[in-house]
Amino acid sequence: MIHKNFKSIEKTVFGRGSFKQLAEIIAPKRGLNQKYFVYIIDQYFKGKELENSLQEQAEDLIYFIDVDPHEPSTEQIDTLRDEILSTKGLPAGVIGIGGGSIMDIAKALSLMLCNEGKSEQYQGLNLIKNPGVYHVGVPTISGTGAECSMTAVLTGPVKKLGLKCEWTIFDQVILDSELTATVPVDKWFYTGMDTFIHCIESRDGILNNAYSMAYGEQSLKLCRDIYLGDQAGQNPENDDKLMVASLMGGLSLTYSEVGVCHALSYGLGKILGEKHCYANCLAFQHLSDFYPEGVAEFKTMLSKHQITLPQNLSAHWSDETITAMAQVAYNLPHMWNHALGSDWQEKMTIERIEGLFRRM
Ligand code: NAD
Ligand code: ZN
């Protein structure tokens, strides 16, 4: 057995209002390369207070990106990289301010600024050749764990797979939960549930261990406070807690693995274009034979926050669509291995996975 040996985020600041320290934090790096910063910001913040508090310099480049039409793509990263290098050369660093999509764009861009060719050729583990530029992550919605993970998930022409290596990890993360106050309740729920599902899947499988469990249990406790406790709902204290839960849930799965729900979610994402966190929720509600306790709690959370998920979706899916999704899910052996054991191929077949999609 090979034990995982991972790099962590280099520096982390936590606290309400800590975003105001951004300019001061990046100041020592300003002299690097062509001495300017690139800001990648969720379009939602265009014209909002955050835009006025950036304290950017005249030479900096600011991009507001709409993440709703599609999840980050390899082509999008390559175009952005080419445009930046041809206008101003290599920046001192990249700052991503937004959710998982924006943070993945910032991570991938940082790497691709220093690696030639198309990003699709680097989708996978340790394929990147050179370290990227200095990069900072500022989450504005909590749950995916993208702030701490060593992957930047991209949809390419062939696969939906991350640029995964040590250099993907942020040099600096700013955890300021004031930035998450404006998240609408449905997105707050779906993205937060990504954390909850990370913890359940990390725990309920053969790769769990004392290290992953310590993070996972604490993250689960926070999720229960936030979604089920006496003060459940969106409030400053819970926003703080969810930001920490997201990070810890991410660390838990990094040292263990995700499972059945994420495998199915990848199928929904790749074939139907469903967003990661929402797709997880669509799948997880039907997985009580794999995660009985987790699914029961999830359903209580759904009703407490009056979230309704669509049912009978599969009635509108063709057999080809279902098979295609099942194939995507089946091709994630590390997840099945963790969830079902090393003899998983005896327990799970493409046909059985198709059956799981037909429940939706
Ligand atoms: P997101 O970045 O896709 O944003 C979701 C929505 O929330 C968008 O409409 C966005 O505009 C809005 N939003 C964000 N912050 C807001 C705020 N403060 N106020 C109001 N609206 C706000 O959301 P996500 O769920 O965090 O990320 C999903 C993406 O993350 C997917 O692309 C998925 O592939 C990726 N992901 C990456 C990892 C990883 O480890 N790298 C893990 C899981 C998921
Ligand atoms: Zn996830």
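Author: Donors are N, O and S atoms within 2.8 Å of the metal. Keep that cut-off in mind as we look at this predicted model.

Reader: Thanks! Which protein donors does the zinc ion (ligand 2) have, and what makes them donors?

Author: They are Asp 194 (OD), His 198 (NE2), His 262 (NE2) and His 276 (NE2), lying 2.1 to 2.2 Å from the zinc ion. The limit is 2.8 Å, so these N and O atoms count as donors. Along the sequence, the donor residues of the zinc ion (ligand 2) follow the spacing D-x3-H-x63-H-x13-H.

Reader: Why is the arrangement around the zinc ion (ligand 2) called irregular?

Author: The 4 donor atoms subtend angles of 86 to 165°. Four donors count as tetrahedral if all angles lie between 85 and 135 degrees, and 165° falls outside that range, so the arrangement is not tetrahedral. It is classed as irregular. For orientation, the ideal angle for four tetrahedral donors is 109.5 degrees.

Reader: Where do Asp 194 and His 198 lie, and how many residues apart are they?

Author: Both belong to helix 5, 4 residues apart, or about one turn of the helix. An α-helix has 3.6 residues a turn, so residues three or four places apart point the same way. Asp 194 and His 198 are also both buried.

Reader: What makes helix 5 oblique to helix 8?

Author: Their axes come within 9 Å and cross at roughly 130°. Angles over 145 degrees count as roughly antiparallel and 65 to 115 as roughly perpendicular; roughly 130° fits neither class, so helix 5 is oblique to helix 8. Asp 194, Ile 197, His 198 and Glu 201 of helix 5 make the contact with Val 260, Cys 261 and His 262 of helix 8. Two zinc donors, Asp 194 and His 198, are thus named on the helix 5 side.

Reader: Thr 195 is in helix 5 too. How do you know whether Thr 195 is buried or exposed?

Author: Its relative accessibility is 0%. Buried means under 20%, so Thr 195 counts as buried. Leaving aside residues up to four places away in sequence, Thr 195 touches Gly 143, Ser 219, Cys 223, Ala 245 and Ser 246.

Reader: Let's turn to the sheet. What is its strand order, and which strands stand at the edges?

Author: It is an open sheet of 6 strands in the order 1-9-6-4-2-3, with parallel pairing. Strand 1 (11–14) and strand 3 (61–65) each have a single partner strand, so they stand at the edges, with one side of each left without a neighbour in the sheet. From one strand to the next, the twist averages 15°.

Reader: How do you know that strand 4 and strand 6 pair?

Author: Two strands pair if at least two bridges are found between them. Strand 4 and strand 6 have 6 bridges, in the parallel sense, so they pass that test. Val 94 stands opposite His 135 in strand 6. Strand 6 also pairs with strand 9 (residues 172–175), over 2 bridges, and there Gly 137 has Val 173 as its bridge partner.

Reader: What makes strand 6 mostly covered?

Author: Of its 6 residues, 6 are buried. Tyr 134, Val 136 and Val 138 point one way, while His 135, Gly 137 and Pro 139 point the other way. In a regular strand the side chains alternate between the two faces of the sheet.

Note on methods:
Residues are numbered from 1 along each chain as its sequence is written. Chains are lettered from A and ligands numbered from 1 in the order in which they are written. This is a predicted model: local features need pLDDT of at least 70, side-chain atom pairs count only at pLDDT 80 or more; totals for chains, interfaces and linings use all residues. Side-chain values use heavy atoms; hydrogens and water are left out. Axes are lines fitted to C-alpha atoms, for helices over the stretch in contact, and angles run from 0 to 180 degrees between N-to-C directions. Buried means under 20% relative accessible area, exposed over 50%, partly exposed in between (1.4 Å probe, protein chains only). Contact means heavy atoms within 4.5 Å. Donors are N, O and S atoms within 2.8 Å of the metal (3.2 Å for Na, K and Ca); water is not among the atoms, so sites may look incomplete. Four donors count as tetrahedral if all angles lie between 85 and 135 degrees; four count as square planar and six as octahedral if opposite donors are over 155 degrees apart and all others between 65 and 115; anything else is irregular. Angles under 35 degrees count as roughly parallel, over 145 as roughly antiparallel, 65 to 115 as roughly perpendicular and the rest as oblique.
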